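Q: Please take a close look at one part of this model, the surface and the charged pairs around it, and work through to the neighbouring interior. A connected account would suit me better than a list.

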Amino acid sequence: LYKRRRRALCDALQAHFPGQVDIWGASTGLHIVASFPGKAFTEASLSALLQAGVRVYPVEEHAIQKGRHLDKVIIGYGNLPEEDIAEGIRRMKRVLG
């Protein structure tokens, strides 16, 4: 079940952000880290994502060395059906462009 959800998340990210996203931690667990080189997850962009119904967690908040992970977010998928994962990534694309 979780393997299918993880695959749905990675596939959706790669489909909607081709060549624009690096995915870390896709082999295990219930979340991944998605890096969007050149983008910064600011308070404004995180708020816009939340308003669109997409909850992500900035790696920067958990980093020891600040300022090095502004382009990375943690995305959980453990409690989401595959259809909701796909819809969330579509919404993410609309917000981030």
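A: Patches here are built from residues with over 30% relative accessible area and no salt bridge, like charges being joined within 9 Å and nonpolar side chains (Val, Leu, Ile, Met, Phe, Trp, Tyr) within 5 Å; the areas come from the Shrake-Rupley method with a 1.4 Å probe, and for residues only the protein chains shown count as cover. A salt bridge, in turn, is a side-chain nitrogen of Lys or Arg within 4 Å of a carboxyl oxygen of Asp or Glu. The model is predicted, with local features needing pLDDT of at least 70 and side-chain atom pairs counting only at pLDDT 80 or more, while totals for chains, interfaces and linings use all residues. Residues are numbered from 1 along each chain as its sequence is written, and side-chain values use heavy atoms, with hydrogens and water left out.

On the surface, Leu1, Tyr2 and Leu30 form a nonpolar patch whose accessible area together is about 290 Å². Leucine 30 sits in the loop between strand 1 (22-24) and strand 2 (31-35), where helices (H or I, at least four residues) and strands (E, at least two) are DSSP runs numbered from the N terminus. Leucine 30 counts as partly exposed because its relative accessibility is 43%, the classes being buried under 20% relative accessible area, exposed over 50% and partly exposed in between (1.4 Å probe, protein chains only).

Tyrosine 2 of that patch is also where helix 1 (residues 2-16) begins, an element of 15 residues that reaches 21 Å from its first C-alpha to its last. The buried residues of helix 1 are Arg5, Arg6, Ala8, Leu9, Cys10, Ala12 and Leu13, and they pack against strand 1, strand 2, strand 4 (72-76) and helix 3 (82-96), contact meaning heavy atoms within 4.5 Å.

Helix 1 also carries a charged pair: aspartate 11 forms a salt bridge with arginine 7, and the closest N and O atoms are 2.8 Å apart. Both residues lie in helix 1 and are four residues apart, about one turn of the helix. Aspartate 11 has a relative accessibility of 37% and is therefore partly exposed, and arginine 7, with a relative accessible area of 43%, is partly exposed as well. In general, side chains of opposite charge can pair when their charged atoms come close.

The structure holds six salt bridges, and another of them lies in helix 3, where the side chains of arginine 91 and glutamate 87 meet at 3.0 Å, N to O. These two are separated by about one helical turn because they are four residues apart in helix 3. Arginine 91 is partly exposed at a relative accessible area of 30%, and glutamate 87 is classed as partly exposed at 24% relative accessibility. The pair belongs to a network of salt bridges that links Glu87, Arg90, Arg91 and Arg94.

A further salt bridge joins the side chains of lysine 72 and aspartate 71 at 3.1 Å, N to O. Lysine 72 is buried, its relative accessible area being 8%, and aspartate 71 also counts as buried, at 14% relative accessibility.

Both partners of this pair touch phenylalanine 41, which lies in the loop between strand 2 and helix 2. Phenylalanine 41 counts as buried because its relative accessibility is 6%. Although phenylalanine 41 and lysine 72 are 31 residues apart in sequence, their C-alpha atoms are 7.3 Å apart in space. Not counting residues up to four places away in sequence, phenylalanine 41 is in contact with Phe36, Leu46, Leu49, Leu70, Asp71, Lys72, Val73, Met92 and Leu96.

Proline 37 lies in that loop between strand 2 and helix 2 too. Once its neighbours within four places in sequence are set aside, proline 37 is in contact with Gln20, Asp22 and Asp71, so that aspartate 71 is touched by proline 37 as well as by phenylalanine 41. From proline 37 to glutamate 61, 24 residues along in sequence, the C-alpha separation is 18 Å.

Beyond the loop, serine 45 lies in helix 2 (residues 43-51). Serine 45 is buried, with a relative accessible area of 15%, and, leaving aside its neighbours within four places in sequence, it is in contact with Ala40 and Val95. On the other side of helix 2 in sequence, arginine 55 is found in the loop between helix 2 and strand 3 (57-58). Arginine 55 counts as exposed, at 56% relative accessibility, and its C-alpha atom is separated by 16 Å from that of alanine 40, 15 residues away along the chain.

Methods. The expected span of a helix is 1.5 Å times one less than its number of residues.
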